[in-house]
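Q: Please take a close look at one part of this structure, beginning with a single side chain and the partners it meets, and then follow the surroundings outwards step by step. I am a first-year student, so please explain the reasoning as you go.

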Amino acid sequence: MKKGILIAIEGIDGSGKSVIAEELVKFLKINGYDALLLKEPSESIYGQKIRNSTHRLPPEEELKLFLLDREIDVRDRILPALENGKIVVMDRYYYSNIAYQSARGIEADKIRDLNEKFAPKPDLVIILDVSPSTALKRIKPRGKITAFESPDYLEKVRENFLKIADERSVVLNAEKPLEEVKKEVFAIVKSLLDSYNSRGS
């Protein structure tokens, strides 16, 4: 049994994932926990190929690159950190893979099965739910909208996130001000940690 705890922060682009993941790690460290922030896709050769592609790759090829990138991330960073008792906070994990690639026609269960063959299941998944219109308003100041960020596609992805939410998932309304969302996330994570500590995990 793993010693650490794995938390994934998920949601469409513009939902506030990166900010919440960073703030959560700060919160955990302030409270004495050994926490590590990881972001996917990673900096592996496969992750860089995904990041640097100027257009969407064919769905199956894109899925393959995400899986290859995640295999390296799991082997080199996620599992060693969990084995050392760290709390690993993921800014995207395989739930993103399921939501985004199934929006392109690949079966969601197939994507989940391929990932769960090697990737540890998260202890908690926080899905930050926002409308595509809100997300795009937040993304616009960053500059060019990418192929991952068209309104119709984001709507499909959002629907997929809500469909794949499971017993490990909590869906939060991320339309609220950031400070409110942060407080909700911190409370959920604190509750998880308290339950682990009370069981002596």
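A: In this predicted model, the side chain of Arg-56 makes a polar contact with the side chain of Tyr-153, at 3.1 Å. A second polar contact, at 2.6 Å, joins the side chain of Arg-56 to the side chain of Glu-62. Arg-56 itself sits in the loop between α2, which covers residues 45–52, and α3, which covers residues 59–83. Its relative accessibility is 17%, and because buried means under 20%, Arg-56 counts as buried.

The two helices on either side of this loop also meet each other. The axes of α2 and α3 lie 7 Å apart, and the helices pack at an angle of about 140°. Since an angle has to be over 145 degrees to count as roughly antiparallel, α2 and α3 are described as oblique to each other. Their crossing is left-handed. On the α2 side the contact is made by Tyr-46, Gly-47, Lys-49 and Ile-50, while α3 contributes Glu-61, Leu-65, Phe-66, Leu-68, Asp-69 and Ile-72.

From α3 we can move on to helix α5, residues 108–116, where Ile-111, Arg-112 and Asn-115 are the buried residues. These residues cover an arc of only 100° around the axis, which means that they are on the same side of α5. A general rule helps here: an α-helix has 3.6 residues a turn, so residues three or four places apart point the same way. Among the elements that cover the buried residues of α5 are α3, α4 (94–102) and α7 (151–164).

One of the residues in α4 is Tyr-94, which has 0% relative accessibility and therefore counts as buried. Tyr-94 and Arg-112 are 18 residues apart along the chain, yet their C-alpha atoms are separated by 7.5 Å. Leaving out residues up to four places away in sequence, Tyr-94 touches Asn-115 and Glu-116, and also Glu-10, Arg-70, Ala-119, Pro-120, Lys-121 and Pro-122.

Just ahead of this helix, in the loop between β3 (87–91) and α4, comes Arg-92. Its backbone deserves a careful look, for Arg-92 has a positive phi of about 85° although it is not a glycine. For comparison, most residues other than glycine have a negative phi, and most peptide bonds are trans. Arg-92 also counts as buried, because its relative accessibility is 12%. The second half of that general statement has its own counterpart elsewhere in the chain: the peptide bond from Glu-40 to Pro-41 is cis, with omega near -5°. Pro-41 lies in the loop between β2 (35–39) and α2, and this takes us back to one of the helices that flank Arg-56.

The residue Glu-10, which Tyr-94 touches, leads to a further loop residue. Setting aside neighbours within four places in sequence, Ser-15 is in contact with Glu-10 as well as Leu-128, Val-130, Arg-138 and Ala-174. Ser-15 lies in the loop between β1 (5–10) and α1, and it counts as buried because its relative accessibility is 3%. The side chain of Ser-15 reaches the backbone oxygen of Ile-12 at 2.8 Å.

Beyond that loop, helix α1 (residues 17–30) packs with helix α8 (residues 178–199) at an angle of about 50°, their axes being 10 Å apart. This angle makes α1 and α8 oblique to each other, and α1 passes α8 in a right-handed crossing. The residues that meet include Val-19, Ile-20 and Phe-27 in α1, with Val-181, Val-185 and Val-189 among those in α8.

Finally, we can return to α7, one of the elements that cover the buried residues of α5. The buried residues of α6 pack against α7; in α6, which spans residues 132–139, these are Pro-132, Thr-134, Ala-135, Leu-136 and Ile-139. Ser-150 lies in the loop between α6 and α7, and its relative accessible area of 29% makes Ser-150 partly exposed. From Ser-150 to Glu-107 there are 43 residues in sequence and 21 Å in space, taken from C-alpha to C-alpha.

Technical notes: Residues numbered from 1 in each chain as written. Predicted model: local features only at pLDDT ≥ 70, side-chain atom pairs only at ≥ 80, totals over all residues. Heavy atoms only, no water. Helix = DSSP H or I, 4+ residues; strand = E, 2+ residues; numbered from the N terminus. Buried < 20%, exposed > 50% of the residue type's maximum accessible area, 1.4 Å probe, protein only. Polar contact = N/O pair within 3.5 Å; in protein donor to acceptor, adjacent residues only side chain to side chain. Arc of directions from axis to C-beta. Contact = heavy atoms within 4.5 Å. Axes fitted to C-alpha atoms, helices over the stretch in contact; angles between N-to-C directions. Parallel < 35°, antiparallel > 145°, perpendicular 65-115°, else oblique. Left-handed = near helix turned anticlockwise from the far one by under 90°.
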